[in-house]
Amino acid sequence: MLPLTLDDVRLFLHVVAATIWVGGQLTLAGLVPALRAAGADVPRTAARAFNRIAWPAFAVLIVTGAWNISAERAHVHGAYTRTLVVKLVVVALSGITAFLHARATTKTGLAVFGALTGITALGALLLGVMSAG
Ligand code: HEM
């Protein structure tokens, strides 16, 4: 069997947090019709409960992301750096739009920021996979 390394632990923590931030949002979005059928307030209650898991996961992504950069500093030049910078902008947009989505009070605000946070979270995931190695 292969030995478990510190790099494995670093990437495991980063990917577990990414599954919660990205997969959790998509799963919650998919559950909204069923939650709505259970009661008008149920989607908001579920979203609040999800936020209590999602924001700690986002914090883990930032901490382990900084750890990734430090561990991969030999690669941090040229196209890798440009990909990383685009990813960091997309990650920031994902956090900002998730925050605005949680605070939205109108249907339009909820829909627009909900869609934006989902799209940017998926974009960050794709850019993360592109810089894996
Ligand atoms: C929504 C937030 C984020 C998502 C969804 C995400 C996702 C991912 C994924 C899926 C990987 C590939 C892991 C693998 O090798 O198997 C990755 C790698 C990486 N991420 Fe993130 N990430 C996020 C935030 C961040 C942040 C905030 C930083 C920097 C501060 C960062 C820096 C990196 C670096 C440098 C790698 C390459 C690691 C390596 O090859 O050893 N990520 N990310």
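A residue counts as buried when its relative accessible area is under 20%, as exposed when over 50%, and as partly exposed in between. This model is predicted.

**Iron site.** Lys-87 has a relative accessibility of 14%, so it is buried. His-14 is buried too, at 12%. These two residues are the protein donors of the ligand's iron atom, through NE2 of His-14 and NZ of Lys-87, at 1.8 to 2.1 Å. His-14 sits in helix α1 (residues 6-38) and Lys-87 in helix α3 (residues 78-103), so the pair ties together parts 73 residues apart in sequence. Six donor atoms surround the iron, and their angles of 86 to 177 degrees make the arrangement octahedral. Ideal angles for six octahedral donors are 90 or 180 degrees.

**Salt bridges.** The structure has two.

| Pair | Closest N to O distance |
|---|---|
| Arg-10 and Asp-7 | 3.1 Å |
| Arg-10 and Glu-72 | 3.6 Å |

The Arg-10 and Glu-72 pair links distant parts of the chain, 62 residues apart: Arg-10 is in helix α1, Glu-72 in the loop between α2 (42-71) and α3. Shared partners join Asp-7, Arg-10 and Glu-72 into one network. Arg-10 is buried at 3% relative accessible area. Glu-72 is buried at 15%. Asp-7 is partly exposed at 41%. Arg-10 and Asp-7 are three residues apart in helix α1, so about one helical turn separates them.

**Helix α4.** Helix α4 (residues 107-130) has 24 residues and should span 34 Å at 1.5 Å a residue; its end C-alpha atoms lie 35 Å apart, which agrees. Its buried residues include Gly-109, Thr-117, Ala-121 and Leu-127. Among the elements covering the buried residues of α4 are α1 and α3.

Methods
Residues are numbered from 1 along each chain as its sequence is written. This is a predicted model: local features need pLDDT of at least 70, side-chain atom pairs count only at pLDDT 80 or more; totals for chains, interfaces and linings use all residues. Side-chain values use heavy atoms; hydrogens and water are left out. Donors are N, O and S atoms within 2.8 Å of the metal (3.2 Å for Na, K and Ca); water is not among the atoms, so sites may look incomplete. Four donors count as tetrahedral if all angles lie between 85 and 135 degrees; four count as square planar and six as octahedral if opposite donors are over 155 degrees apart and all others between 65 and 115; anything else is irregular. Helices (H or I, at least four residues) and strands (E, at least two) are DSSP runs, numbered from the N terminus. Buried means under 20% relative accessible area, exposed over 50%, partly exposed in between (1.4 Å probe, protein chains only). The expected span of a helix is 1.5 Å times one less than its number of residues. Contact means heavy atoms within 4.5 Å. A salt bridge is a side-chain nitrogen of Lys or Arg within 4 Å of a carboxyl oxygen of Asp or Glu.
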